[in-house]
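Thanks for joining, everyone. I'll walk through one model today and keep it short. Please have the viewer open.

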Amino acid sequence: MNVKIREGRDSDYPYLEEIERLCFPDSGRTREQLEQRVFSNPGPYFIVAEVDGRVVGYEMGYEVKGKLYNCYKAVHPDFQRKGIGKLLLDQQLEIARERGYKYVFIKTSNQAPGMLILALKNGFKIIGYKDREWDDEPAIWLEKEVE
Ligand SMILES: CC(C)(COP(=O)(O)OP(=O)(O)OC[C@H]1O[C@@H](n2cnc3c(N)ncnc32)[C@H](O)[C@@H]1OP(=O)(O)O)[C@@H](O)C(=O)NCCC(=O)NCCS
């Protein structure tokens with residue numbers, strides 16, 4: 001399988017909305033929600049994973065307290081466990097390196113155990129825990145130093 005990681009563009013949003021609906025049936029975000037959150041913050045980034053011209057995963061984020069924060073990420077269920085989440089994570093690190101950040105940062109929860117395992121396997125360290133990060137949902141905070 002040939003996976004291309006590239007910068008996201010306007011025409012990618014219908015794919016993102018489908019991936020959101022499939023990955024988060026109760027809380028899938030729309031283009032407006034994704035854009036409003038990410039692009040109203042400093043240092044936004046938006047990358048996608050493409051297979052045969054089809055967007056099958058994406059990652060978005062921005063700068064938080066001097067770190068590059070991955071705010072949204074999802075891979076189409078048919079394409080999970082094929083290394084795409086890791087490729088996106090590697091690209092987050094590359095963007096952080098190019099921009100001169102010392103750390104990348106993520107938050108994850110009980111809803112996303114795969115994300116927690118992926119992060120730990122790739123050298124992220126747990127730096128915090130918040131009881132009610134998203135309504136009643138707790139979150140684990142992790143970061144990784146950019147080498
Ligand atoms: C979390 C997510 C982005 C991971 O993407 P992915 O493309 O499936 O991840 P990868 O294939 O790169 O996984 C690399 C490694 O991470 C670990 N991993 C990833 N998902 C896992 C899961 N669901 N359960 C256990 N381990 C997992 C595995 O060790 C995996 O390697 P392996 O498949 O050789 O065992 C994807 O599962 C997803 O979109 N989930 C739904 C949305 C979501 O939870 N987003 C994150 C919100 S914080």
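**Around the ligand**

Let's begin at the ligand. It is surrounded by 19 residues, and the closest are Gln80, Gly85, Lys86, Ala112 and Gly114. Two or more shell residues come from each of strand 4 (67-75), helix 3 (84-99) and helix 4 (113-121). Which element gives the largest share of the shell? Helix 4 does, with six residues. By chemistry, the shell splits into nine nonpolar residues, five polar and five charged. One caution before we go on: this is a predicted model.

**The sheet**

Next, the sheet. It is open, it has seven strands, and the order is 1-2-3-4-5-7-6. The pairing is mixed. At the edges sit strand 1 (3-7) and strand 6 (125-134), each pairing on one side only. From one strand to the next, the twist averages 25 degrees. As a reminder, strands of a sheet pair through backbone hydrogen bonds, either parallel or antiparallel.

Now look at strands 2, 3 and 4. Strand 2 pairs with strand 3 in the antiparallel sense, over seven bridges. Ala49 has Gly57 of strand 3 as its bridge partner. Val51 stands opposite Arg54, also in strand 3. These two strands form a hairpin, with two residues between them. In that turn, Asp52 has a positive phi of about 50 degrees.

Move one strand over. Strand 3 and strand 4 run antiparallel as well, joined by eight bridges. Gly57 turns up again here: its bridge partner in strand 4 is Val75. This pair also makes a hairpin with two residues between the strands. The turn residue Lys65 has a positive phi, about 45 degrees.

**Gly61**

Stay on strand 3 and find Gly61, which lies in that strand. Is Gly61 buried or exposed? Gly61 is buried, because 26 other C-beta atoms lie within 10 Å, and the cut-off for buried is 20 or more. Which residues does Gly61 touch, leaving aside neighbours within four places in sequence? The contacts are Val38, Tyr45, Leu68, Tyr69, Asn70, Cys71 and Gln92. For a distance check, try Glu18. Gly61 and Glu18 are 43 residues apart in sequence, and 19 Å apart in space, C-alpha to C-alpha.

**Helices across the sheet**

Two helices to pick out. Helix 1 (13-23) lies across strand 3 and strand 4, and runs at about 90 degrees to strand 3. Helix 3 lies across strand 1, strand 2, strand 3, strand 4 and strand 5 (103-108). Its angle to strand 4 is about 160 degrees.

**The cores**

Last topic: packing. In soluble globular proteins, nonpolar side chains tend to be buried together. The largest nonpolar core here has 16 residues. Which of them touch the most other members? They are Ile47, Val48, Ala49, Val56, Tyr58, Ile84 and Leu88. Helix 1, strand 2 (45-51), strand 3 (54-64), strand 4 and helix 3 each supply at least two residues of this core. Apart from it lies another core, of 12 residues, including Leu68, Phe105, Met115 and Ile140.

Click on Ile47 before we stop. Beyond its neighbours within four places in sequence, Ile47 is in contact with Ile5, Arg6, Glu7, Gly8, Tyr58, Glu59, Leu88 and Gln91. Tyr58 and Leu88 on that list are also among the core residues I just named.

That's the tour. Over to you.

Conventions. Residues numbered from 1 in each chain as written. Predicted model: local features only at pLDDT ≥ 70, side-chain atom pairs only at ≥ 80, totals over all residues. Near = placed C-beta within 6 Å. Helix = DSSP H or I, 4+ residues; strand = E, 2+ residues; numbered from the N terminus. Nonpolar A, V, L, I, M, F, W, Y, C, P; charged D, E, K, R; others polar. Core = buried A, V, L, I, M, F, W, Y, C linked by C-beta atoms within 7 Å. Contact = placed C-beta atoms within 7 Å. Pairing = 2+ DSSP bridges. Axes fitted to C-alpha atoms, helices over the stretch in contact; angles between N-to-C directions.
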